[in-house]
Structures are given as structure tokens and as C-alpha cells.
Amino acid sequence: MRIFAVALCVVLCGCQSVMSSVTEGLAEDMSDALLNTEDLQVAREGSAAFLIMLEGFLRSSPDSIALMQAGVTLNGAYATAFVDDAERQRRFAERAFELAQRASCARLSWACTARTDGMELLQGNLRTLDQDDVSLAYTLASAWAGWIAANSADWGAVAELGRAKAVMTRIAEVDETHDNAGPRLYLGVMETLAPPALGGRPEVGRVHFERAIELAGGRYLMPRVFLAEYYARLVFDRELHDRELNAVLQADPKVEGLTLANRIAQEHARELLESADEYF
């Protein structure tokens, strides 16, 4: 019934600012409900419907930073958790990155040219980043990392990894706890995407993962999964791999705001354990 109430309010008020605040509130409520869903099939079906609804909200309020940030999160999460086809993953990642660039550029001047500025200039601009900038900067850096991962066969995209990592590094310096230690988690992945011979720094990545686990305090299970998948597999540490994944499977996934993510983490942990004999 609430969606009909929203539509009625929009029609009667005829006011763009009212519509924006209502749709943002609805998007936030739906996001909260989705994040606390335990059934992965319901989450898959519900998030697909939510994606379509959110695109409709954005057509009505294209300059809403809150809606753009919601679009970044949902497109990125949907592609990662529920899409297996590489081409579809790229499309969702592209949409997430597009929205992230628009949202961050609206408030952070340096974000408008972050992809083209020289690294020295970018790093100089990043020194101005403070706590008030963290949310939008993180939206940009996380979507950027997702876009690079989805286009890993394109060396032009991979060449942008250093820039995305520079932004995420600065965010971690300002607030490493943001988004359940998300900056540390992303930096761990970035450092373990390649073996040392190709520029990867797995031991640095492990430090980031372990710091994310420490900050999460057992509430968020994905850092343990990523430690196993990206670090333990890269260095062929079967003992660490199995220990972390079994700890994930034994944990209680029900945590406010993290239940869906934890259920996805457990599902992925199960898949990694099932394929471990073939990998190691």
C-alpha cells in the first residue's frame, strides 16, 4: 500500500522537492528491508524489481545524490551477488560507475577529473578529503573498483586501478571504519588481484583484510571470505583458507543491516570450500 501512497502524494503535491524526499525515504526503507533479508532467492527477485523502481525514481529526480548513491550500491551489489554472465556484470558495473561519477562530481570538484588528472595532482587533491567527503568519495572509489574488476580484460580499465586505489587509500586514512571497514576490504582486494610477479602485494593485502576482520568484530563475514579467496588462494595457504571459511559457515549471519551480505558470504564460502580440492 505504501507505494500507492507515495504516488498519490506526488500527484497531489506536484512538487519536485517533496517527491525527491519521499522517494529517497522509500528507497532507504526498501534498502534496509533488502539488507536484512535472509532468503537469497527473495533477495535476488526483490533487488531486480527494486532496480527498475530506482531507475524510475532517478528519471524523476536525476540530480538526487542520495538516489544516485542508492543506485551505485544496488547495481554493484546485484552484479556481484546475483549475475554470472560477464557481459551483464559489465553493464551493471558501468551503470554503477556512471552514477558514482555524477554523484561525486556534484559535490567534490576533484572527482570530476579524477580519471584524467596526473597522479601527482590527484594525490594533492585527495589531501583535502575530510570526514564530510568520505561517503561520496567511497561511492566513487568502490564503483570504480567494481568497474575495473568487471573489465579486467581491458588493459585501459586496469590501468586506472592506481587511481582508484589512491582514492580508497585516502578514505582509509580518514575513516577506515566506513561501511563496515569497506575501505580496508577494497584495498585488500586491490593488493591481491595479481601475484607479486605482476605487481601484486599479497602480504599488504593480508594486512588490510585482517584489519577489516578486526574492525568488523565478527558482525560482517565477508572480510574472512575475501581473505580466503584473494589472499590464501593466491599464496596457496590451504590451512588458512579452510579455517577462515569454516569460521564463516559457523557464524550467525543475522546482524542488523548485514544479514543479506552475511548470507551471501556464507554461500560463497561454501562454494569455495567445495572447489578447494581442485584448486590446491
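This report walks through the confidence, cores, charged pairs and a few individual residues of a predicted model.

**Ground rules and confidence**

The model is predicted, so to speak of local features we ask for pLDDT of at least 70, and side-chain atom pairs count only at pLDDT 80 or more, while totals for chains, interfaces and linings use all residues. Residues are numbered from 1 along each chain as its sequence is written, and side-chain values use heavy atoms, with hydrogens and water left out.

The predictor's confidence in each residue is its pLDDT, on a scale from 0 to 100. The mean for the protein is 85, and 86% of its residues reach 70 or more. Among the elements, helix α13 (residues 238-250) has the highest mean pLDDT, 97, and helix α1 (residues 2-13) the lowest, 34. Helices here are DSSP runs of H or I of at least four residues, and strands are runs of E of at least two, numbered from the N terminus. Over residues 1-20 the pLDDT stays under 50, and the model has 18 contacts beyond four places in sequence for this stretch; a contact means heavy atoms within 4.5 Å. Where pLDDT is low, the predicted coordinates should not be read in detail.

**The nonpolar cores**

A nonpolar core is a set of buried Ala, Val, Leu, Ile, Met, Phe, Trp, Tyr and Cys residues joined through side-chain atoms within 4.5 Å. Buried means under 20% relative accessible area, exposed means over 50%, and partly exposed lies in between (1.4 Å probe, protein chains only).

Which members of the largest core touch the most other members? They are W110, W144, V167 and I171, out of 52 residues. Helices α3 (40-60), α4 (65-82), α5 (86-107), α6, α7, α9 (161-175) and α10 (178-191) each supply at least two residues of this core. The most come from α7, with 11 residues. Leaving aside neighbours within four places in sequence, W144 is in contact with F97, A114, R115, E160, R163, A164 and V167. There is also a second, separate core of 23 residues, which includes V189, I213, F226 and A232.

Y78 is worth a look too. This tyrosine lies in helix α4 and is buried, at 9% relative accessible area. Beyond four places in sequence, Y78 is in contact with R44, S47, A48, L51, V83, R88 and F92. Y78 and F92 are 14 residues apart along the chain, and their C-alpha atoms are separated by 7.8 Å.

**Charged pairs**

Side chains of opposite charge can pair when their charged atoms come close. A salt bridge is a side-chain nitrogen of Lys or Arg within 4 Å of a carboxyl oxygen of Asp or Glu, and by this rule the count comes to 15. Here are some of them:

| Salt bridge | Closest N to O |
|---|---|
| E55 and R95 | 2.8 Å |
| R115 and E160 | 2.9 Å |
| R238 and D277 | 3.0 Å |

E55 lies in helix α3 and R95 in helix α5, so this pair ties together parts that are 40 residues apart in sequence. R115 is in the loop between α5 and α6 and E160 in the loop between α8 and α9, so their bridge joins parts 45 residues apart. R115 is partly exposed at 32% relative accessibility, whereas E160 is buried at 12%. R238 in helix α13 and D277 in helix α15 (residues 276-279) are 39 residues apart; R238 is partly exposed at 30% and D277 is exposed at 62%. In addition, E176, R184, R211 and E214 are linked in a network of salt bridges.

D133 makes a contrasting case. This aspartate sits in the loop between α6 (119-126) and α7 (134-150). D133 is buried yet has no salt bridge, and the nearest side chain of opposite charge, R170, is 8.0 Å away. Not counting residues up to four places away in sequence, D133 touches L108 and T128.

**The disulfide**

A disulfide is a pair of cysteine sulfur atoms within 2.5 Å, and a search of the whole structure finds one. C105 and C112 form this link, with their sulfur atoms 1.9 Å apart. The link is right-handed, with 100° about the S-S bond. C105 is partly exposed at 31%, and C112 is partly exposed at 41%.

How values were computed. Lys, Arg positive; Asp, Glu negative; His and termini not counted.
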